[in-house]
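Q: Could you take a close look at the surroundings of the ligand in this model? I would like to know which residues and elements line the site, and how some of those elements connect to the rest of the chain.

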Amino acid sequence: MIMWACLLILIILLSAYFRFSLIRWSLFLAGGLLAFHLFSDADSSAKYWLWAIFAVIVLPLNFKEFRLNLFSKNIYQAMKKIMPTISQTEQEALDAGDVWWEAELFSGDPDFKMIKDMPIPKLTQEEQEFLDGPVEEFCAMLDDWQITHVDYDLSPEAWQFAKDNRFFAMIIPKQYGGLDYSAYCHSQVVMKIGSRSGSAAVTVMVPNSLGPGKLLMTYGTDDQKDYYLPRLADGTDIPCFGLTGPDAGSDAGAMPDEGVVCYGSYEGKDNVLGIRLNWKKRYITLAPVATLLGIAFKLNDPEHLLSDEEERGITLVLIKRDTEGVEIGHRHFPVNQAFMNGPIIGKDVFVPIESVIGGIDYVGKGWAMLMECLGDGRAISLPALGVAAGKTASKYTGAYARIRQQFHTPIGYFEGVEEVLTEIAGQTYAMDAARLLVLGALDQGEVPSVVSGIVKQQLMERMRKVINHSMDIHGGHGICMGPHNHLARAYQLIPVGITVEGANILTRTMIIFGQGAMRSHPFLLKEVEAVHNENTEQGIKDFDKAFFGHMGFIVSNVVRSFWFGISFAKFEKSPGDENTRYYYQQLIKMSSAFALMSDICVGVLGGTLKRREKISGRLADALSNMYIMTAVLKHYEDQGSQKEDLALLRWACEDALMNIQTALKDITKNLPVPVVGALCNFIIFPLTKPYQKPNDSLGRHVARKILQPGKTLDRLCEGIFFSKDKNDATGRISHAFSLVLKADKLQHKIRAAYKQGRLKNRDRKAFSEAKESNIITETEYQLLIETDEAIQHAIKVDEFSFDGWDIKTP
Ligand SMILES: Cc1cc2nc3c(=O)[nH]c(=O)nc-3n(C[C@H](O)[C@H](O)[C@H](O)COP(=O)(O)OP(=O)(O)OC[C@H]3O[C@@H](n4cnc5c(N)ncnc54)[C@H](O)[C@@H]3O)c2cc1C
C-alpha cells in the first residue's frame, strides 16, 4: 500500500517537476490509478475513492467549457474587482524595450543556450584604432584637478578635440557624419575616459545616451535628421535634454511644464501653427553650453487645432538656444564635478509644430519615446563609469597597498586590508561581467529594459562599495585633495551615479521587480491583460489559459525548489565544466526559488506589492544577483576559462548566491502572513542556509590578484587609461609598484639579515649598512634607493599655501 501511495505521489511530483501539461499529467495520473486498481491488493473502497477524487477534481479541469464556467469565470470576476488598472504611463513603460534574459530567470528553469550563443564582444579595427588613437590622446590631455578645481570646465582644447574627433557622435549613423560605433565600443570609450576624469566622461556620455540625438535617430522626421544629426555629429550643436524639474524628479511624468497649441510668429513669419511653452527644468547636463535643447512637457490643444482631443500628453520638442523666452546659462555645481549642468527656463517660448520630435504623428507620445530610448543609455554610460571606478580602484589600490608599508609590512598583507581588497577585486570582476553581458545584448539589437535598470542600479551600488573601500585603504592619501589625488573626485562622483538615470532606491524598489514581474513572468501580464480585456468572453478564455498555466507553474516551482533544496541541485543537468557546473546548478535552483517567491508575494500582497517596496526591493536584489551570476559565468568562459581567474569567478558567484539567499530569506521573514513565509522558507531552504559568504582563504586568493602583477590583473583592469608619467597621480603609483616588485627579493634579503642579527637596522636605514656588510651589491643598493625614492614620491600628498591655494608639493 505504501509503495502504491509513493508511486502515485511520485507521478504527481515528476509531472510537476517536468512541467507536464494538464492533459499529460492527468493521463499519467490515470495510468497510475489504473495500475493501482488492477494490481494492488488494497481495499476496493479505497480504489473507488481515489477514482472519485480523480473524476471530481482532475477530470473536469481537462474539459475546457466546463472548466471555464465552473472555475475560470468566477475567479475572473473576482479578479476584475480587485486587480488595479494599469495606467497609460505604466503601460508605456511596460511596452518599452525587449524582454530578455530576465524572462529566463523568471521561468524558474533558465535555458543557458541564449547566453552561450551570444558572441564575445569585439571591437572592429576602426573602433580599436579610435580607442588607441584619439581616446588615448584625449585622456592624456585631461588634467582632472585643473578641470574640477581651477577651470571648472574642460579646457577649450579638450572640447575642440572631442568635437573634431566626433566623441559626441558615437551613436550617430555614418551617413550623418557620426561614428556609428557598437555599444561595446561606446562603453569602452566612456570607461577609458572615466578612468581619467569623471567630468570629462559625463560630458562625453550625455550626447551619446539620452539626448536629442538618440531621439532624433529613432523618431525624427527626415528633415529633422538631415538638419540636426550632422550638426550634432561634428559638434556644431551641443545638445541637452530637459525632463527633470523642481516639481518632477523621480516622478518625471508629473511635470507641470505646459505647451499650448496656437498660432504665433516664428523667425519673421506670422500665423505659424506651433506651441507656446512654459517650463522650469533643473539639473540638466550640458544645459549651460547647449545650443540645442530637447524639452519634455505636457501638450494641450484647447482650440482643437490638431485634433478633437484637448489634453495630448507628454510631447518632446527641439528648441534652439537663442529662441526668444529661453533662459539658459546658469550652472549647478554637482559635488565638485565640473561637467556642465544647470537649469533651463522657458517663458512663453513659441516653436513651430515641426519642432516636435518625430513631427505631428508623435505628439503626445513623449513618454513612450523616452522609455524606449532611455534603456540603451542607462545600460551603457553609467555602468561604464562604474566599471572604470572598479578597475581603477583594483589597479591602484592593489598597487598602493603593496607599496605602502606600516609596521614594516606592506599594508595589503594585513588581513584587515586584505578583506577589503578582496571585495574591490571581486566586485570589479562582477561589475565588468555585468557590463559586458548587457552590451552583448545591445549589440545584438536587444533593448533589455529590465536588465538595463539592474546593471545601472547594481553597478552604481558596487561602485560605491569599491570606491569607499579604496578610500579606506588609501587613508589620508585618499582624503587630502590636490592634483596628485586620483581617488577623491571619483568618491565625490558616487552620488551622481546613484541619482541620475533613475535614482537607485527607486530603481531597486519600484522598477526592477515591478517592471520585471509584469514583463517577464510567463503568466502574470497575460492574466492582467485578460482581466482588463473589454471583450469579457475573450478575456475569460485568455484568463483561463493563463491562470491554469500559472497554477501549474507554481506547483512545479514548489516541487522543484524543495527537490533542489534537499539535493543541492546536484542532479540537475546544466552547462559548465568541473569548476563552473556547481554554480550553474545553484543558479537554476535559485531561479526556481525566485519564481516561487515572486508568485507567493504577488499572491499574498496582490496590488499592495507596489507599495511594499521593502519586499519588491529584495525581489529585485535576488533577480539582479542572478543576472550578475549569469554574467560572471559567461565572462569567465568568454575569457577562455582561465584557471588563474577561478578565484574571482568563485568569489563573485558565492557573493551573488549569498545575496540571493539573504534577499529571499528576508522576504520569508517579512511576509504579512508568517505561516506562508515559514512554509516558503522550508520549501526553498529545507537544510537551513546552504550558502555562506566567500571564505577567508578564497578571499586571500582574490586579494592577491591585485597585490601582484599578472595576467589576471591585466584582464581585470583591461581598458582603462594607464599613465606612464612618473609625476602623474596614478603613474607615480605604478612606477613605485614596479620598482617595489623588482626590489622584493632584496627586501627579503635585508629582512632576513636583520632577523639573523647581521644588520642592526631595518628598512631604509639598513640599505647602506647592508652594502657595507656586502649583503647587497652596489647595483642592488642603487635599486633599493631608487625604489625608496619612488615610494616616497608616490605616497606624498599635495600641500597648499595658507593664503593663496598655491600648490607646494610634491
Ligand atoms: C548631476 C545630475 C545630472 C542630471 N542630468 C539630467 C539631465 O540631463 N536631464 C534630466 O532631465 N535630468 C537630469 N538629472 C535629474 C535626475 O534624473 C534626477 O535627479 C532624478 O530623477 C531624481 O530626481 P530628484 O533629484 O528630484 O530626486 P527625488 O525624485 O526627489 O528623489 C529623492 C529620493 O527619493 C527616492 N524616491 C523617489 N520616489 C520614490 C519611490 N516611489 N520609491 C522609492 N524611492 C523613491 C529616490 O530614489 C531618491 O533617492 C540630473 C541630476 C543630476 C543630479
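A: Happy to help; what follows starts at the ligand and then works outward through the elements around it. Please keep in mind that this is a predicted model.

Let's begin with the residues at the ligand. The shell around the ligand has 20 residues, and the nearest of them are Phe-241, Leu-243, Thr-244, Ser-250 and Tyr-283. Three of these names come back when we turn to polar atoms. Thr-244 places a polar side-chain atom 2.7 Å from a nitrogen atom of the ligand. Ser-250 also uses its side chain: an N or O atom there is 2.6 Å from an oxygen atom of the ligand. With Tyr-283 the backbone takes part, as one of its N or O atoms lies 2.8 Å from a nitrogen atom of the ligand.

How much of the ligand does the protein cover? On its own the ligand has 970 Å² of accessible area, and the protein covers 69% of that. Two or more residues of the shell come from each of strand S1 (239-242), strand S3 (269-285), helix H19 (488-499) and helix H20 (504-520). Helix H20 gives the largest share, with four residues. By character, the shell divides into 11 nonpolar residues, eight polar ones and one charged residue.

Two of these elements deserve a further look. In strand S3 you will find Asn-271, which is not a glycine and yet has a positive phi of about 55 degrees. That is worth a glance because most residues other than glycine have a negative phi. Asn-271 is exposed, its relative accessible area being 64%. A useful counterpart is Ala-569, again not a glycine, with a positive phi of about 60 degrees. Ala-569 sits in the loop between helix H22 (536-567) and helix H23 (581-605). At 0% relative accessibility, Ala-569 counts as buried.

The other element is helix H20, where a salt bridge leads away to another helix. Arg-508 pairs with Asp-621, and their closest N and O atoms are 2.8 Å apart. Arg-508 belongs to H20 and Asp-621 to helix H24 (residues 613-638), so the pair links parts of the chain that are 113 residues apart. Asp-621 is buried, with a relative accessible area of 18%, whereas Arg-508 is partly exposed at 24%.

That pair has company, since a search of the whole structure finds 29 salt bridges. Among them is the one between Glu-423 and Lys-465, with 3.8 Å from N to O. Because Glu-423 lies in helix H16 (residues 415-443) and Lys-465 in helix H17 (residues 449-474), this pair ties together parts that are 42 residues apart in sequence. Here Glu-423 is buried, at 18% relative accessible area, and Lys-465 is partly exposed, at 37%. Between strands, Lys-347 forms a salt bridge with Glu-327, the closest N and O atoms being 3.2 Å apart. Lys-347 is in strand S7 (residues 341-352) and Glu-327 in strand S6 (residues 326-328), 20 residues apart. Salt bridges also link Glu-415, Glu-418, Arg-700 and Arg-704 in a network.

Terms used. Residues numbered from 1 in each chain as written. Predicted model: local features only at pLDDT ≥ 70, side-chain atom pairs only at ≥ 80, totals over all residues. Heavy atoms only, no water. Near = heavy atom within 4 Å. Polar contact = N/O pair within 3.5 Å; in protein donor to acceptor, adjacent residues only side chain to side chain. Areas by Shrake-Rupley, 256 points an atom, 1.4 Å probe, with all protein chains shown as cover. Nonpolar A, V, L, I, M, F, W, Y, C, P; charged D, E, K, R; others polar. Buried < 20%, exposed > 50% of the residue type's maximum accessible area, 1.4 Å probe, protein only. Salt bridge = Lys/Arg side-chain N within 4 Å of Asp/Glu carboxyl O.
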